[in-house]
Amino acid sequence: MYQNYPGYYPYPFYWNQEEYLRQMRQKQMRRDYSAQGWTLLIYYGIMTLAVTIASLIDTFIQMGRSFTEAGSVDMDWITNQVLNNSGWGYMLAIGVGFIILLMWKKSAFTFGTIWQRGKPMKVGGFLQTLSIFMSAQMIFMVLSLLVELLLNQAGLTSPSAEAMEVDGLSMFLYAGLGAPISEEILFRGLILRRMEPYGKKFAIFASALLFGLFHGNLSQAPFAFCVGLVLGYVTLEHNIGWAMVLHMFNNLIISDNLTRLSELLPENTGSLLIWAVIGLFTLAAVVILIAQRKKIKAYLQSNQDEAGCAKAFWSAPGIITLVVIMSVSILSSVFAYIMPMDYLS
């Protein structure tokens, strides 16, 4: 009898077809977003397990080396060697993660969808993008300086860059090649592409946010979020390969080689070199953003997100769980690394 009523739709509690479709779309978005959160948590677990196994193996190797060379076991030296010089666990996680991705999404997605091409990247466009990308380093440096000043007011400090510096072949391979490739495939290839159908802008923002949180520490999270915005845009508008190039440039040239070069110079001169290089990138980025402001505005206006995508994202169980776990990790890193100022004296 109800079939004769206007607006009747044959599903419980919905008497209006438009409302029913809207609710179903919200549920679909929430499921898709939640799947991205669970995916990252699974990979986080794989990475943690792989790093733990590799660290244990490396610890036993270093214990044998220490005993052979010195006739005793120096656990402080071993801990430093394992934590700062071993990247094999991360490399193992990359391999396992890629195999799972291939089995889950098949070769069509892994070697096709992830690598789909957009507009060609011209030399001028790449240099402009590079400048904007590297200006995030200025945000990182200024934020680190402000955090250190605040800690100093409370009689605390954080480890110096030298104290946190990593070395070794495996860490070089991971930081310079493994991380840029694997993180781009995970965050820009899988996560971003799965979010893209609900709107480019929110997909870029959300994937960058998850990228920042996934780093799990206060010093890297804001920087990773900022560069994630640029990498997301580059992937959608050009190609994920260019995102990998930018990522490698940052890790190999700026974070590694420029830092090493500055260490060969007197302390003040080395710091001045880094600030000067990053400052030039930042100045260029400001000029570019001002000159391109109309194009940026047009891009934002022409790419409207689907209604309700933000609500679906923040109410997705997988996303909520991921954000909570990563936030706890970030807060833990703050308390783990700060120390009394007189500790270093």
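Colleague: Is Trp275 buried, exposed or partly exposed?
Modeller: This is a predicted model. Trp275 shows 35% relative accessibility. Buried needs a value under 20%, and exposed needs one over 50%. The value falls in between, so Trp275 counts as partly exposed.

Colleague: Which helix holds Trp275?
Modeller: Look at residues 267–291. They form one helix, and Trp275 lies in it. That is helix α11.

Colleague: Which residues make the nonpolar surface patch, and what is its area?
Modeller: Trp275 takes part, together with Val142, Leu145, Leu146 and Leu149. Patch residues must have over 30% relative accessible area. Trp275, at 35%, passes that cut-off. The patch made by these residues covers about 440 Å².

Colleague: Which helix gives the most to the nonpolar patch?
Modeller: Its contribution is 4 residues. It spans residues 136–153. The name is helix α5.

Colleague: What stands out about the phi of Lys106?
Modeller: Most residues other than glycine have a negative phi. Lys106 is not glycine, yet its phi is positive. Lys106 lies in helix α3, residues 88–110. Its phi is near 70 degrees.

Colleague: Is Lys106 buried or exposed?
Modeller: The cut-off for exposed is over 50% relative accessible area. Lys106 has 53%, so it counts as exposed.

Colleague: How much area does the chain expose, and what share do carbon and sulfur atoms supply?
Modeller: Of the 345 residues, 40% count as buried. The chain exposes about 19,400 Å². The share from carbon and sulfur atoms is 68%.

Definitions and conventions: Residues are numbered from 1 along each chain as its sequence is written. This is a predicted model: local features need pLDDT of at least 70, side-chain atom pairs count only at pLDDT 80 or more; totals for chains, interfaces and linings use all residues. Side-chain values use heavy atoms; hydrogens and water are left out. Helices (H or I, at least four residues) and strands (E, at least two) are DSSP runs, numbered from the N terminus. Buried means under 20% relative accessible area, exposed over 50%, partly exposed in between (1.4 Å probe, protein chains only). Accessible areas come from the Shrake-Rupley method with a 1.4 Å probe; for residues, only the protein chains shown count as cover. Patches are made of residues with over 30% relative accessible area and no salt bridge: like charges are joined within 9 Å, nonpolar side chains (Val, Leu, Ile, Met, Phe, Trp, Tyr) within 5 Å. A salt bridge is a side-chain nitrogen of Lys or Arg within 4 Å of a carboxyl oxygen of Asp or Glu.
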